[in-house]
Amino acid sequence: MNTVQYAEEIINELQRSVSRLPVQEAEELAERVLRAKRIFLAGAGRSGLMGRAFAMRLMHAGKEAYVVGETVTPGIFEGDLLILGSGSGETQSLIAMANKAKALGAGVAVVTINPESTLGRLADDTVKLPGAPKDQAAGSGSTIQPMASLFEQTLLLFYDAVILRLMDKTGQTTNQMFGKHANLE
């Protein structure tokens, strides 16, 4: 395959992934985000980058959103929501965050391939995304992409879909959101 054919296959994989998104779980997360006082996002590696993108869009949508670990991120408390993106659901640093958030009375939501994981069991809300784990030694054949790329891409699309759902529920427009876009550049 050439580069364009690979890109086409990635799009095909994403279409199959998106068609398997759990509607009820997705709606519950959108509602939870709307009700949360503040939202905190975390993930490791590329999943963390997708969380950062989601935090930015949440801010554009008028939500108070933070990325865990940034110097300007405040403490989490009751009424807040921690959203974790983790393919495996077993990332130790994220498990520690979930335990701490719960101990402080915050809600925890996990977006993962594996809802039966440690993070899935700790979460108040879990959204199961299709995708392949980083270790594909079993050769599931569900993706031509390396490691957890399909999960990470689906995670970004899912987060963007949640933003569109929030816009729909709150009557926001792209122009209103653009008004909250960074303007110091």
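At the heart of this write-up is an open sheet of five strands, ordered E2-E1-E3-E4-E5 and paired in parallel. The model behind it is a predicted one. The sheet's edges are strand E2 (65-67) and strand E5 (125-128), each of which pairs on one side only. Ignoring direction, neighbouring strands of the sheet are turned by 20 degrees against each other on average. Strand E1 (residues 39-43) runs parallel to E2, and three bridges join the two. Phe40 has Tyr66 in E2 as its bridge partner.

Zooming out, the protein has seven helices and five strands. Read from the N terminus, the elements go α-α-β-α-β-β-α-β-α-β-α-α. Two of the helices can be placed directly against the sheet. Helix H3 (residues 45-60) lies across E1, E2 and strand E3 (81-85), and its direction makes an angle of about 160 degrees with E1. Helix H4 (residues 92-103), for its part, lies across E1, E3 and strand E4 (107-112), at about 165 degrees to E3. As for the whole chain, 42% of the 185 residues of the protein count as buried. Among contacts with a separation of 6 or more, 69% come from residues 24 or more positions apart.

Strand E4 offers a good look at the packing, through Ala109. With a relative accessible area of 1%, Ala109 falls under the 20% cut-off and therefore counts as buried. Leaving aside residues up to four places away in sequence, Ala109 touches Leu29, Leu81, Leu82, Ile83, Leu84, Ala123 and Asp125. Leu81, Leu82, Ile83 and Leu84 from that list fall within the range of strand E3 (81-85). Asp125 is another of those contacts, and residue 125 belongs to edge strand E5 (125-128). Gly120 sits eleven residues from Ala109 in sequence, with 8.3 Å between their C-alpha atoms.

Next come the charges. The structure holds ten salt bridges. One of them pairs Arg32 with Asp124, with the closest N and O atoms 3.6 Å apart. That pair links distant parts of the chain: Arg32 is in helix H2 (residues 23-35), while Asp124 is in the loop between helix H5 (118-122) and E5, 92 residues apart. Both ends keep some accessibility: Arg32 is partly exposed at 21%, and Asp124 is partly exposed at 40%.

Asp80 and Arg38 form another salt bridge, and here the closest N and O atoms are 2.7 Å apart. Asp80 lies in the loop between E2 and E3 and Arg38 in the loop between H2 and E1, so this bridge ties together parts that are 42 residues apart in sequence. Both Asp80 and Arg38 are buried.

A salt bridge also joins Glu70 to Arg52, the closest N and O atoms being 2.6 Å apart. This pair, too, links distant parts of the chain, with Glu70 in the loop between E2 and E3 and Arg52 in helix H3, 18 residues apart. Glu70 is partly exposed at 35% relative accessibility, and Arg52 is partly exposed with a relative accessible area of 39%. Elsewhere, salt bridges that share partners join Arg32, Lys102, Asp124 and Asp125 into one network. Asp125 thus turns up in two settings: as a member of this network and as a contact of Ala109.

Two glutamates round things off. Glu13, in helix H1 (residues 3-18), is buried yet has no salt bridge. The nearest side chain of opposite charge is Arg16, 4.6 Å away, which means the pair misses the 4 Å cut-off. What Glu13 does have is a side-chain polar contact of 2.6 Å with Thr143.

Glu152 is the other one, and it lies in helix H6 (residues 149-170). At 7% relative accessibility, Glu152 counts as buried. A polar contact of 2.5 Å joins its side chain to that of Arg46. Beyond residues up to four places away in sequence, Glu152 touches Arg46, Ser47 and Met50. Those three contacts of Glu152 fall within the range of helix H3 (residues 45-60), the helix lying across E1, E2 and E3.

Definitions and conventions
Residues are numbered from 1 along each chain as its sequence is written. This is a predicted model: local features need pLDDT of at least 70, side-chain atom pairs count only at pLDDT 80 or more; totals for chains, interfaces and linings use all residues. Side-chain values use heavy atoms; hydrogens and water are left out. Two strands pair if DSSP finds at least two bridges between them. Helices (H or I, at least four residues) and strands (E, at least two) are DSSP runs, numbered from the N terminus. Axes are lines fitted to C-alpha atoms, for helices over the stretch in contact, and angles run from 0 to 180 degrees between N-to-C directions. Contact means heavy atoms within 4.5 Å. Buried means under 20% relative accessible area, exposed over 50%, partly exposed in between (1.4 Å probe, protein chains only). Lys and Arg count as positive and Asp and Glu as negative; His and the chain ends are not counted. A polar contact is a pair of N or O atoms within 3.5 Å; within protein, one must be able to donate a hydrogen and the other to accept it, and residues adjacent in sequence count only if both atoms are side-chain atoms.
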